[in-house]
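I open this notebook to record what I looked up in one structure. The entries go by topic, for a reader who has not met this structure before.

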Amino acid sequence: MSTDFDAVIIGAGFGGMYMLHRLRQKGFAARVFEAGSGVGGTWYWNRYPGARCDVESVQYSYQFSAELEQEWEWTERYATQPEILRYANHVADRFDLRRDIQFETRITAAVFDETANVWRVETDKGDKIAARFVITAMGCLSSPNTPKIEGLADFKGPTYHTGNWPHEGVDFTGKTVGVIGTGSSAIQSIPIMAEQARHLTVFQRTANYTVPAHNKPLDPAYVAKVKAHYPEMRKRAKTKPAGIDFVINMASAIETPEAERRRLFEERWAYGGLGFMASFSDLLLNDESNQTAADFVRSKIREVVKDPKTAEILTPKNIIGCKRLCVDTGYWETFNRPNVTLVDISDKPIERITANGLSAKGQDYTFDCLVLATGFDAMTGALLKVDIRGRGGVALKDKWREGPKSYLGLTVVGFPNLFTITGPGSPSVLTNMLPSIEQHVDFIADCLETLRAKGVNVIEPIDEAQEAWVGQVGDFANITLRSTCSSWYVGANIPGKPRVFMPYIGGLPAYIAACETVVKNDYEGFVLA
Ligand code: N01
């Protein structure tokens, strides 16, 4: 059967770009389809003020090319969105990727033709493509969630979503602004919007934990040291559950004497960033240990926020790290500003959006602009927007009606020759995305090469292997406190979405080992035909 391409890759973010590069290196014909007009994925769309990565720049970067590592110069501890987007564009140019990327084209359908063993792919531009493999690289947090609040269309001023921000930027100078949401995107953007706006009103449903970034320009001497030792740093990172090279204190928080515990929390707090959760090894395993970290952060809020009532509203009541921990620059301090109002909507949802603002708890709030910092339909949202149909014409959305099921987070029973980079059931969002993406891409590229060498047309996981994997993902999830709260990890932010803890929480090293065993055992758990 003739095809247009060996592989169609959906998305030109970091996953899609590296996938294209690897397939080309191995002599496969691949084409990337990208809805945006440029590369960068998350960093192309999320242009809200203050957007930056919460993994340190030197670690949130590709490691497949030593030359790339050496020539690229990160300027800040945590890179801004524009800097990361420049990096993505540099990679696209350096590896001449654009000639195989079709921009401003959204894949609408991918249907597996069982008689020809070919995927028939369609785009919103009317393209019809035949390819042996479909590889999704659509990102885990790329389908913006616009809440169904009554009256949203009635608002007369501009409405912005942090996950789909205007490319030309937004200047809030002199404006009154309403913000719905207090997740990572809000926590990064609120301090900057507050500096610009005449008045900012923040509507908070759930208070969130955040740790200071202590962002700073990178010292050239430090960068030089990192560059001299990149391979060792990457190797160490691969031994850490999150794929990030930071030191995990193996002690138990609750078994550590109080003064020493406080000292260690203070030390991590002063250093800043996500490594705070590695202050002790049991913060996400033991409720009491978690309480010690939560209480520490709560005490910090009371130290910073001057108005005790506001401090109380900002104080999270739930488990720290259960929802994704945020990393901020001056978030709580922002609520000391006279032009910022915090509205607690935890006990009663927003009643409706009005022409000039919104009504909540029987009160009307007016503003010129509305910002929805309301997150994403995570992990499955983007995948299920495409009409993906496998054997027997069965739709992926029907197959996953009760939650996503996959083998290794990479493949799905009934969907031959389909690979999902950082799909549900893989570590993805619980790790540094770049090394996780690279590991998936390498797995897929090596797999395609093996199939070609063996003269195999089709690879598909078997039911037993998938069930066992889904069982393992669920068992790991049940061990941690992370699966216990209403987060996007479990789909709780999307009304009607099945409650399933979607990522694999066994850690990157265990996951890599599982993938390696599968390959070593001749693609154990798959049928090759
Ligand atoms: O989205 P979120 P996000 N009425 O889902 C609220 C990554 N990221 O875009 O918590 C009122 O976390 C919702 O309330 P609640 C990172 O992995 C990374 O901020 O559901 N409120 C919540 O406060 C992150 O976790 C970076 O009660 C409503 C907020 O909206 C993920 O992306 C930066 C509502 C949504 O928070 C998502 O972050 C930014 C409603 N109807 C993001 N619906 C980095 O630093 C929702 N909310 C790399």
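The entries below cover the ligand, the cavities, a pocket and an aromatic pair.

**Entry: status of the model**

I note at the start that this is a predicted model. I number residues from 1 along each chain, following the sequence as written.

**Entry: the ligand**

I asked which residues come nearest to the ligand. Around the ligand I find 23 residues, and T182, S185, R205, T206 and K323 come nearest. By class, this shell consists of 9 nonpolar, 9 polar and 5 charged residues. I then asked which element gives the most to the shell. The answer is helix α5, residues 184-196, with 3 residues.

Next I looked up distances to oxygen atoms of the ligand. For K323, a polar side-chain atom lies 2.6 Å from a ligand oxygen atom. For S184, a backbone N or O atom lies 2.9 Å from an oxygen atom of the ligand. For D54, a backbone N or O atom again is involved, and I record 3.4 Å to an oxygen atom of the ligand. I also looked up how much of the ligand is covered: taken alone, the ligand exposes 910 Å², and the protein buries 88% of that.

**Entry: the cavities**

I searched the whole structure for cavities of 30 Å³ or more and found 4. The largest cavity holds about 60 Å³ of space. Its lining is made up of T136, M138, G139, C140, M379, L383, T420, I421, T422 and G423. I sorted the lining of the largest cavity by class and obtained 5 nonpolar residues, 5 polar residues and no charged ones.

For the second largest cavity I record a volume of about 50 Å³. N208, Y209, N318, I319, G321, C322, K323, R324, L325 and C326 line this second cavity. The classes in the lining of the second largest cavity are 5 nonpolar, 3 polar and 2 charged. I note that K323 appears in this lining and is also among the residues that come nearest to the ligand.

**Entry: the second largest pocket**

How much space lies in the second largest pocket? I record about 730 Å³. Its lining has 29 residues, and those nearest the centre of the pocket are E56, Q59, Y222, D245 and Y271. The elements giving two or more residues to this lining are α6 (220-228), α7 (230-237) and α8 (258-271). Sorted by class, the lining of the second largest pocket has 13 nonpolar, 5 polar and 11 charged residues.

**Entry: an aromatic pair**

My search of the whole structure for aromatic pairs returned 38. I looked up one of them, formed by W72 and Y87. Their centres are 5.2 Å apart, with 65° between the planes, and the pair is edge-to-face. W72 sits in the loop between α3 (66-71) and α4 (81-94), whereas Y87 belongs to helix α4. The two residues are 15 residues apart, and the pair links distant parts of the chain.

Conventions:
This is a predicted model: local features need pLDDT of at least 70, side-chain atom pairs count only at pLDDT 80 or more; totals for chains, interfaces and linings use all residues. Side-chain values use heavy atoms; hydrogens and water are left out. A residue is near a molecule or strand if one of its heavy atoms lies within 4 Å of it. A polar contact is a pair of N or O atoms within 3.5 Å; within protein, one must be able to donate a hydrogen and the other to accept it, and residues adjacent in sequence count only if both atoms are side-chain atoms. Accessible areas come from the Shrake-Rupley method with a 1.4 Å probe; for residues, only the protein chains shown count as cover. Helices (H or I, at least four residues) and strands (E, at least two) are DSSP runs, numbered from the N terminus. Ala, Val, Leu, Ile, Met, Phe, Trp, Tyr, Cys and Pro count as nonpolar, Asp, Glu, Lys and Arg as charged, and the others, Gly among them, as polar. On a 1 Å grid over the protein atoms alone, a cavity is a set of points where a 1.4 Å probe fits but cannot get out, and a pocket is an open set with protein on both sides within 12 Å along at least five of seven lines; lining residues have an atom within 4 Å of a point. Grid points are joined across faces, edges and corners, and a volume is the space filled by probe spheres set on the points. Rings of Phe, Tyr and Trp (its six-membered ring) pair if their centres lie within 6.5 Å; planes under 30 degrees apart count as stacked, over 60 as edge-to-face and the rest as tilted.
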